[in-house]
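Thank you all for coming; I would like to take a few minutes to walk you through a structure that is new to this group. Please have the model open in front of you, so that you can follow along as I go.

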Amino acid sequence: MPTSPTPSTARDLVRRVLPQASDTTVEPVDEGGEHSTWWIGERYVLRLTLDPGAAARQRRELLLREAIRPHVPVGVPASVAAGEWAPGLTYTVDTRLPGTSAEHRPVAPEGESDLAGLLSGLRALPSEATAALHLPAGKPRALDPLHASAEEAAGHLAAEGELPAALAAPRAPGTPAHPAAAPTAVVLHNDLKGEHLLVSSAGRVSGVLDWADAVVGDPAEDVAGLALSIGAAAAVRVTAAAGYGPEVARRGVLLARYDTAIRLADRLRGRDDSPLPLLRAQLGRAWER
């Protein structure tokens, strides 16, 4: 297995596959994960996978992006070059989409309409197209054990002085009645956190990045991602506008609320290295009233 790609690796690859940009600056992107990511000037981004599993996901991602592009109203990155940078490890050079992360720019009502179109477009992807992508099946998560873990996490957050007012509000004892997963699985982005949503200066959603974790599964998972990114109230509005019933929205918000409490508690216990400000912000959005 090769070592992690170096600046020289990235520059040599760009010269070979993108000769028109051979003199362009190649700089690393400050992010981790399963890719080594590099800016190529202001027009392109290079993503190199670091293990065979990530390579398999990237191959599926490239096919998925082309399949969904005609069905969604938001920008999806396009690959201008792709292949292997080392045996069994893939890369893609993608066009950079305009916009700023939803972590740093709010989504306007028109942007919520864009997100509703994203969800409805994924839901309406023809079954034969979905089958041809060979996406993994995402099993719906059981809410009862998540609720129990979130209750335990809330106790730790309270002891640490990290419990927000909404989470500290009195809750009925015992396990609440949880909505079941939707009977029909759909194509999901499956990681709709703020850094993957690009927002224009007008508040429109100009693009959605990183489709490598896409699955066919419970639509509430993408609702949960939106609750983390744009807030629970906006996520509910988007879900309704996409044509889903209230149970999908409620299930998605509960997933987001339970997840954020558990993740922040894990971070405070040293089990997670995610940035504390991000986890606090996501918890606040998911638990807004």
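Let me begin with enclosed space, noting first that this is a predicted model. The count of cavities of 30 Å³ or more comes to 1, and the space in this largest cavity is about 50 Å³. Its lining is made by L119, L122, R123, V186, V187, L188, P219, D222, V223 and Y244, and the elements that contribute two or more residues to that lining are α3, which covers 109-123, β7, which covers 186-188, and α7. If we sort the lining of this cavity by class, we find 8 nonpolar residues and 2 charged ones, with no polar residue at all.

From there I would like to turn to open space, and in particular to the second largest pocket, which has a volume of about 610 Å³. The lining of this pocket consists of 25 residues, and those closest to its centre are D191, K193, L228, R263 and Q282. Three helices each give two or more residues to the lining, namely α7 (220-230), α9 (246-268) and α10 (276-286), and of the elements it is α7 that gives the most, with 5 residues. In terms of class, the lining of the second largest pocket divides into 13 charged, 7 nonpolar and 5 polar residues.

Let us stay with one of those central residues for a moment. Is Q282, which sits in helix α10, buried or exposed? Its relative accessibility is 6%, so Q282 counts as buried, given that the cut-off for this is under 20%. When neighbours within four places in sequence are set aside, Q282 is in contact with E103, K193, L228 and T260. Of these contacts, K193 and L228 also appear among the residues closest to the centre of the second largest pocket.

Another helix of that lining, α9, deserves a word of its own. It has 23 residues, and from its first C-alpha to its last it reaches 33 Å, which is close to the 33 Å expected at 1.5 Å a residue. After α9 comes G270, a residue with a positive phi, near 85°.

Now for the strands. There is an open sheet of 3 strands, in the order β6-β8-β9, and the pairing in it is antiparallel. Because β6 (100-101) and β9 (205-208) stand at the edges and have a single partner strand each, one side of each is left without a neighbour in the sheet. Strand β8, residues 197-199, pairs with β9 over 3 bridges in the antiparallel sense, and within that pairing V199 has V205 of β9 as its bridge partner.

A further antiparallel pair is made by strand β4, residues 79-86, and strand β5, residues 89-95, which are joined over 6 bridges; here the bridge partner of G83 is Y91 in β5. These two strands form a hairpin with 2 residues between them, and G88 in the turn has a positive phi of about 80°.

I will finish with A154, which is placed in helix α5, residues 143-159. At 6% relative accessibility, A154 counts as buried, and beyond its neighbours within four places in sequence it is in contact with L163, L167 and R171. How far apart in space are A154 and P126? Although 28 residues separate A154 and P126 in sequence, the distance between them, C-alpha to C-alpha, is 42 Å.

Notes. Residues numbered from 1 in each chain as written. Predicted model: local features only at pLDDT ≥ 70, side-chain atom pairs only at ≥ 80, totals over all residues. Heavy atoms only, no water. 1 Å grid on protein atoms, 1.4 Å probe; cavity = no way out; pocket = protein on both sides within 12 Å on 5 of 7 lines; lining within 4 Å. Points joined across faces, edges and corners; volume = space filled by probe spheres on them. Helix = DSSP H or I, 4+ residues; strand = E, 2+ residues; numbered from the N terminus. Nonpolar A, V, L, I, M, F, W, Y, C, P; charged D, E, K, R; others polar. Expected span 1.5 Å × (residues − 1). Pairing = 2+ DSSP bridges. Buried < 20%, exposed > 50% of the residue type's maximum accessible area, 1.4 Å probe, protein only. Contact = heavy atoms within 4.5 Å.
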